[in-house]
Structure formats: C-alpha cells, structure tokens
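Please open the model in your viewer and keep the selection tool at hand. The tour below goes from one selection to the next and says what is found at each stop.

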Amino acid sequence: MLDIIVGTLEKLPLITAFAIVGVIMWISYAIGKLVNNRIHGSAIAIVAGLVLAYIGGKVSGGTKGISDISLFAGFGLMGGAMLRDFAIVSTAFGVKLEEVKKAGLAGGIALVISVIISTAVGAAVAYAFGYTSVVDMATIGGGATTFIVGPVTGAALGASSEVIALSVAAGVVKSIAVMILTPLLAKPAGLTTPAAAAVYGGLMGTTSGVSAGLAATDPKLVPYGALTATFYTGFGCLMVPSVGYMTLAALFG
Amino acid sequence: MLIYGVSLMSGCLIAGVIIGKLIGHMVGIDADVGGVGIAMLLLVVISRWFIDRERMSELAQDGIKFWSAMYIPIVVAMAASQNVVAAFDAGTMAFIAGFLPVVAGFLLIRPLSALSGSSEPEDAAKPAKRAAQGAK
C-alpha cells in the first residue's frame, strides 16, 4: 500500500511539489495570521523551505536540499532556474517603463559598486585567513559576489577545487543571509520604494536571495529588485576574473 | 486564449537569454549577461504596446498573471532546494566572506537610492500595484 503511494508520488514529481508547496503556503499564511502578519506568511514559507532544505541535505548528504530525496525531487523542478526565471519575468508584467528608467541608473551604480565591494571584502577575508595567492583571493572574492561568479572565476584562473568549494559556500551564505535578513531589515534599511528595490537588487546581486527576500517583504517590489539583480551575476562573471584579478595581482602579485 | 500570454512571456525569456548569451559571447565569457533582465524589459515594452492597442485579451493577460501569482510558491520550492547544509557547515571564512557584503549592502541602500531622486516615495510604488496583485 505504502509502496503504491510513494511510487505514485515519485512518478509525479512536479505535481507532488505543487501539492506540498501549497500545503506549506497554507500553513505559513495561517501562522502569519496568528501573529497578526507581524511576520508575513511568505517569509514564514521561505524559512520553512530553508529548514526543509537543511533537513533534506542532512538526510541525503546531497547539495540540492530537499530535492535530493527522491520523494521530493519535484522541488528541484519547481524551484529550478527555468521556472524561477520564468516567474521572475512574469512579475515585470504591469510595471511602468518610466518607473524602471527612474530606478535604473541608481540600480546600475549600485550593481557596479557592489561587485567591487563584494570582491574586495571576499578577497580581504581570504587574505586574513591565509589564502594569500592572488588566484585564491580573486576566486573567494568572486564567491562573495555570487555562488556562480566564484566557480566561474576559479575555473578561469585555475584555482584549486578546495578554494572553488569555499567560494561557492561563501556565495550560498550570502544568498541565504539575504533571504532571511531582507524581511527583517527592509524597513530600517529604507527598502520601501521601487527605486530602493532596484538599488537593493544591484547591491545584493544574488538572484535567489533577492527574489526570495523581496517575496517575503513586499511582492510589488519584486520586479524592480529582480531586474537589476539578474544583471549582477553576468557582470560579476565578466569583471571579477578580468579586472578584479588584474587589480588584485597589481596590489598583491 | 490563455496560452497567448504564456507564449509571449516565453518568447521574451528565450529572446532575453539569447541576447544575454550573445552579449556574454561578445565580451568573451561563456555566461548569460542579464538575460532575464532583458526579458523583463521586453515583456514590459511589448505587453504595453499590445494593451495600448487593445490587442491583448483579459485571458491572455491572465496567462501571465498566473505565473506571477506562482512566483512566491516557486521561490519557496527554490529555497527548499538550496544547499543550506553547506552554508551552515561553511566554516568561519566562507561565512564571513559571504556575510559581510550583505551587511555592506543593507547599509548602502539608503544613500544609493537617494541618487534616483524620487520625490514621492509612496506614489512611486503605485504603478507596481498590478504586479503585486498578481503576486498574491
């Protein structure tokens, strides 16, 4: 009997994920109501997702959270880059171009500043912990921008797999810190307008962190933050292994 | 038909990612530079053009709004697929290297958003109302 149920669920991975995520949303929003929406339901749901990811990672020993458990494999499909990007694009529907133009310049400046700061901070931390070769510093600096820039930089510069793994870990820490901290810090940090959201997207850069952070804070800000954040990883992949590496080499080489 | 909206969105994403890859290729990296962002801009411009000419039915718009309402559940599934264990077990260095830029980011939101010089912060949020309704 149990075999039939589990077997069916495993054959319908995406559908199983829809069903379970629906239940998670329902419970999370019910809890949100209980606390008078002081913590928004979507923030609770995202934290619940992270807790599930932790449990899944511990149980399976894999790297993709709950989706490494075959019963929950559909989470990987539903929350994978393809549907995520599709849903992000859909949030742009109904946005006014004038708003985007107004927010765009500051968002772009934020993006450039943030790639520089993140790389510099990551490289400095790497140096402080004894990773003093320029390749290691650039790779960990790349990881401090996003968990994609780190391995791209490391691969381009020929960093060791240990350092590349560290850069990915730094990027994952960043992404999860953004998810958790955004709903808590949004108001004091001034994240209340589309322009501020565009700046925030440029500053944080991690698409997963920004998309989850804004979803938990204020869904109407999502398109503005996501718009700038989606340029960040590409820009980082371009700048960190080239300009970033050369700057570090000039300073420490 | 509902699929018209979904199809338009898909076309925007495909075009955006191709353009992003082309930009990446031109500057010599094997990555997509801003493909999703370009897709968003395409959707904003093209859907506005169709709606202004009343060439986009309510149903077609609902096809897009459905996905925008699925955004938060998809993000929850994404959160559940993250490598949270690695983040927890990352060790001090990776933790500090990932955490400090986030702190710096939150501190810089106010000064940098002052650059965009929006005089009416509350009003500025209104045009996004439709997206917000969709996202609920």
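In this predicted model, begin by selecting A:Val47, A:Val51, A:Ile55, A:Val59, A:Ile180, A:Leu184 and A:Leu185, which form a nonpolar patch on the surface and together have about 600 Å² of accessible area. Next, colour helix H3 (41–60) and helix H9 (161–185) of chain A, since each of them supplies at least two residues of this nonpolar patch. Of the elements that contribute, H3(A) gives the most to the nonpolar patch, with four residues.

Stay with the patch for a moment and pick out A:Leu184, which lies in helix H9 of chain A. Is A:Leu184 buried or exposed? Its relative accessibility is 60%, and because exposed means over 50%, A:Leu184 counts as exposed.

Now turn to the largest pocket, which holds about 860 Å³ of space. To find its centre, select A:Ala81, A:Arg84, A:Phe147, A:Ile148 and A:Ser208, which lie nearest to that point among the 35 residues that line the largest pocket. Then show helix H5 (81–91), H9, helix H11 (207–217) and helix H12 (222–252) of chain A together with helix H2 (35–52) of chain B, as these are the elements that give two or more residues to the lining of the largest pocket.

Which element gives the most to the lining of the largest pocket? That is H12(A), with four residues. As a last step, colour the lining of the largest pocket by class, and you should find eleven nonpolar, 18 polar and six charged residues.

Definitions and conventions: Residues are numbered from 1 along each chain as its sequence is written. Chains are lettered from A and ligands numbered from 1 in the order in which they are written. This is a predicted model: local features need pLDDT of at least 70, side-chain atom pairs count only at pLDDT 80 or more; totals for chains, interfaces and linings use all residues. Side-chain values use heavy atoms; hydrogens and water are left out. Patches are made of residues with over 30% relative accessible area and no salt bridge: like charges are joined within 9 Å, nonpolar side chains (Val, Leu, Ile, Met, Phe, Trp, Tyr) within 5 Å. Accessible areas come from the Shrake-Rupley method with a 1.4 Å probe; for residues, only the protein chains shown count as cover. A salt bridge is a side-chain nitrogen of Lys or Arg within 4 Å of a carboxyl oxygen of Asp or Glu. Buried means under 20% relative accessible area, exposed over 50%, partly exposed in between (1.4 Å probe, protein chains only). On a 1 Å grid over the protein atoms alone, a cavity is a set of points where a 1.4 Å probe fits but cannot get out, and a pocket is an open set with protein on both sides within 12 Å along at least five of seven lines; lining residues have an atom within 4 Å of a point. Grid points are joined across faces, edges and corners, and a volume is the space filled by probe spheres set on the points. Ala, Val, Leu, Ile, Met, Phe, Trp, Tyr, Cys and Pro count as nonpolar, Asp, Glu, Lys and Arg as charged, and the others, Gly among them, as polar.
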